[in-house]
Amino acid sequence: MLLRILSLLLFIFSVSNCLISYRDYDKIPPVPAQEKQYDAEFVYGLPTFPQFNLGGREALKTYFDSKSPFKKTTEGSDIPRNGYLVNVKVNYRSPSTPALAFLTLSTLTATLLPAWSKQDGYDIQYHLYKNGKLAQVYEYHVFRNYTQWILLSLLVWVNLDSATEKEVFERVTNQFFEDAKTHF
């Protein structure tokens with residue numbers, strides 16, 4: 001029990017000393033819901049996230065349920081004969097091996113040693129099926145910058161001015177609907 005508490009405290013301390021930002025995604029207000037203009041059946045399949053989920057999956061579900069341009073959406077995996085299926089695939093892009101080594105050392109030393117990564121993030125694919133057939137695959141790449149160090153606890157407020165994972169996934173999904181508009 002004591003080991004669990006110490007591990008939890010170490011994790012919380014480590015996270016409170018890190019700065020996270022997403023390249024090409026500034027902090028903006030939430031994406032508004034689109035006008036509900038399509039009557040066709042719309043089914044969406046959500047992924048199991050390959051690592052610790054920081055709000056991306058919830059952002060996808062919320063967007064498909066309430067912000068998409070379709071009047072009725074349902075979660076599922078069966079491709080409808082008449083209508084649409086969007087099957088979302090999310091692949092986590094790990095930090096480089098040296099960055100991973102420094103991140104591990106930094107965490108083990110309670111962030112006394114600095115660590116950073118500029119290569120991790122997500123590769124997101126939206127597989128769009130129309131009337132039972134694959135129409136197109138849309139691919140988006142999200143890069144995350146991550147830094148942790150004990151001295152950064154003085155700057156942790158900077159995270160409040162950075163886009164969150166949830167906001168990034170919402171914006172990528174909004175971009176998907178813009179890009180796929182010709183199929184609707």
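In this predicted model, D123 touches K89, V90, N91, R93, Y140 and H141, leaving aside residues up to four places away in sequence. D123 lies in strand 6, which spans residues 121–130. The side chain of D123 also forms a polar contact with that of R93, at 2.7 Å.

I124 is the next residue examined. Its contacts are V88, K89, V90, Y138, E139, Y140, V142, F169 and V172, again without counting residues up to four places away in sequence. K89, V90 and Y140 thus appear in the contact lists of both D123 and I124.

I124 also belongs to the largest nonpolar core, which has 32 residues. Along with F64, Y126 and F176, I124 is among the residues with the most contacts inside this core. At least two core residues come from each of these elements: strand 2 (42–45), helix 2 (56–67), strand 4 (84–93), strand 6, strand 7 (133–148) and helix 4 (165–179). Helix 4 gives the most, with five residues.

Helix 2 was then considered by burial. Its buried residues are G56, A59, L60, Y63, F64 and K67. Viewed down the helix axis, these residues fall within an arc of 125°, so they line one face of helix 2. An α-helix has 3.6 residues a turn, so residues three or four places apart point the same way. The buried residues of helix 2 pack against strand 2, strand 3 (73–75), strand 4, strand 6 and helix 4. One of them, F64, is also one of the residues with the most contacts inside the largest nonpolar core.

Terms used:
Residues are numbered from 1 along each chain as its sequence is written. This is a predicted model: local features need pLDDT of at least 70, side-chain atom pairs count only at pLDDT 80 or more; totals for chains, interfaces and linings use all residues. Side-chain values use heavy atoms; hydrogens and water are left out. Helices (H or I, at least four residues) and strands (E, at least two) are DSSP runs, numbered from the N terminus. A polar contact is a pair of N or O atoms within 3.5 Å; within protein, one must be able to donate a hydrogen and the other to accept it, and residues adjacent in sequence count only if both atoms are side-chain atoms. Contact means heavy atoms within 4.5 Å. A nonpolar core is a set of buried Ala, Val, Leu, Ile, Met, Phe, Trp, Tyr and Cys residues joined through side-chain atoms within 4.5 Å. Buried means under 20% relative accessible area, exposed over 50%, partly exposed in between (1.4 Å probe, protein chains only). The arc is that of the directions from the helix axis to the C-beta atoms.
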